[in-house]
Amino acid sequence: MRDAGLSLPRNDPRQYDDLADEWWRPDGAFAMLHWLAEARAALVPPAARPDALLVDLGCGAGLLAPHLAGKGYRHVGVDLTRSALAQAAAHGVTVVNGDATAVPLAGGCADVVAAGELLEHVPDWRAVVAQACRLLRPGGLLVLDTLNDTALCRLVAVRIAERLPTVPRGIHDPRLFVDHRELVAECARHGVDLRIRGVRPGAPGLLRWLFRQVRGAPTPSGQEPRIVPTGSPAVLYQGRGVRGG
Ligand SMILES: C[S@@+](CC[C@H](N)C(=O)[O-])C[C@H]1O[C@@H](n2cnc3c(N)ncnc32)[C@H](O)[C@@H]1O
């Protein structure tokens, strides 16, 4: 596993430049982001009108793009990291180099706002929520996933995961993890009724994937682990909510 954090502080965005060649490798350092992107896109219905806009906050290299194909959205991605945005653009995303806490797009412009694996990387996640809700038109949909601010999550997502070939070492700062109740309350303050559910990689697929990783064998297409619902949001969770009129 690449050691993104050894020469940089935890969660330093420059890690994404060091790991730029990993984004689109199916078995690379960001493999789990591919599985999560598929699960996030499954929460997004086909566009209800022509020219519908999906704003992807913290879009990275645009891993959501293939899973939105055919749903009828213009896909605009906002990210701090230029090396990731160049790859997103190559995958059909219209890119904006900017901060998700101060997005240079008009309020009410978005039919859907996505924030996948972003909130746990931003020191002021409440500012991202405010922006996401501002961007949504009335009736628009917010979809997100993030890591919970629990002891179990710190154990699983940092202490354990960073020792496995699933997560780059140093990519997360556990002090930034997001309590799901606080997130629901913050979305409600901005007019979005967010529903939460815990998710995780399905165990059989994950074990097969880890076994192949240890052997250095590539994952056959279509056999990637699937993200499945789980009983508790204590580690990883998705949120889906509609902005009221
Ligand atoms: C874990 S990656 C997730 C990328 C993408 N959403 C995905 O799931 O594939 C986090 C991304 O958030 C970006 N990021 C971190 N802080 C940000 C901020 N304040 N504004 C915009 N992007 C940010 C990073 O550059 C990185 O691309």
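This is a short dialogue on reading a predicted model of a protein chain with a ligand.

Trainee: Where do I start: how many helices and strands does the protein chain have?

Mentor: Start with the inventory, then look at the overall size. The secondary structure here comes to 8 helices and 8 strands. The radius of gyration is 17 Å, close to the 18 Å that the globule rule gives for 245 residues, so the chain is as compact as a globular protein of that length. If you want a box for it, the C-alpha atoms fill roughly 50 × 35 × 35 Å along the principal axes.

Trainee: And what share of the contacts joins residues 24 or more positions apart?

Mentor: Count contacts with a separation of 6 or more: residues 24 or more positions apart account for 74% of them. As for burial, 44% of the 245 residues are buried.

Trainee: Which residues have the most contacts inside the largest nonpolar core?

Mentor: The general idea comes before the names. In soluble globular proteins, nonpolar side chains tend to be buried together. In this model the largest nonpolar core has 65 residues, and those with the most contacts inside it are Leu 57, Val 113, Val 128, Ala 132 and Leu 142. Take Leu 142 as an example: leaving out residues up to four places away in sequence, Leu 142 touches Val 113, Ala 132, Leu 136, Cys 187, Val 192, Leu 194 and Gly 241.

Trainee: What do the buried residues of H5 pack against?

Mentor: For a helix, list the buried residues, then see which elements they meet. In H5 (125-135), the buried ones are Trp 125, Val 128, Val 129, Gln 131, Ala 132, Cys 133 and Leu 135. They pack against strands E1, E4, E5, E6 and E8, and against helix H7.

Trainee: Gly 140 caught my eye. Is Gly 140 buried or exposed?

Mentor: Count the neighbours. Gly 140 lies in strand E5 and counts as buried because 23 C-beta neighbours fall inside 10 Å, where 20 or more is the cut-off. Gly 140 touches Ala 110, Asp 111, Val 112, Val 113 and Arg 243, again setting aside residues up to four places away in sequence. Now compare sequence with space: Val 158 is 18 residues from Gly 140 along the chain, and their C-alpha atoms are separated by 33 Å.

Trainee: Which residues other than glycine have a positive phi?

Mentor: Two to look at are Asn 11, with phi near 65 degrees, and Glu 117, with phi of about 50 degrees. Check the setting of each. Asn 11 sits in the segment before helix H1 and counts as partly exposed because it has 19 C-beta neighbours inside 10 Å. Glu 117 is in the loop between strand E4 and helix H5, and its 22 C-beta neighbours inside 10 Å are why it counts as buried.

Trainee: Now the ligand. How many residues surround the ligand, and which are the closest?

Mentor: Read the shell by count, by chemistry and by element. There are 22 residues around the ligand, the closest being Gly 58, Gly 60, Thr 81, Ala 100 and Gly 116. They divide into 13 nonpolar, 6 polar and 3 charged. Helix H2 (31-41) and strand E2 (74-79) each supply at least two, and the largest share, 3 residues, comes from H2.

Trainee: What feature does UniProt place at residues 55-144?

Mentor: An unreviewed UniProt entry has "domain: Methyltransferase type" there. Treat it as a record, then check the model over that range: 27% helix and 32% strand, with the end C-alpha atoms 12 Å apart.

Methods. Residues numbered from 1 in each chain as written. Predicted model: local features only at pLDDT ≥ 70, side-chain atom pairs only at ≥ 80, totals over all residues. Near = placed C-beta within 6 Å. Helix = DSSP H or I, 4+ residues; strand = E, 2+ residues; numbered from the N terminus. Nonpolar A, V, L, I, M, F, W, Y, C, P; charged D, E, K, R; others polar. Rg over C-alpha atoms; globule rule 2.2 N^0.38 Å. Buried ≥ 20, exposed ≤ 12 C-beta atoms within 10 Å, placed from the backbone. Contact = placed C-beta atoms within 7 Å. Core = buried A, V, L, I, M, F, W, Y, C linked by C-beta atoms within 7 Å. UniProt positions renumbered as here; feature names shortened; annotations may be inferred.
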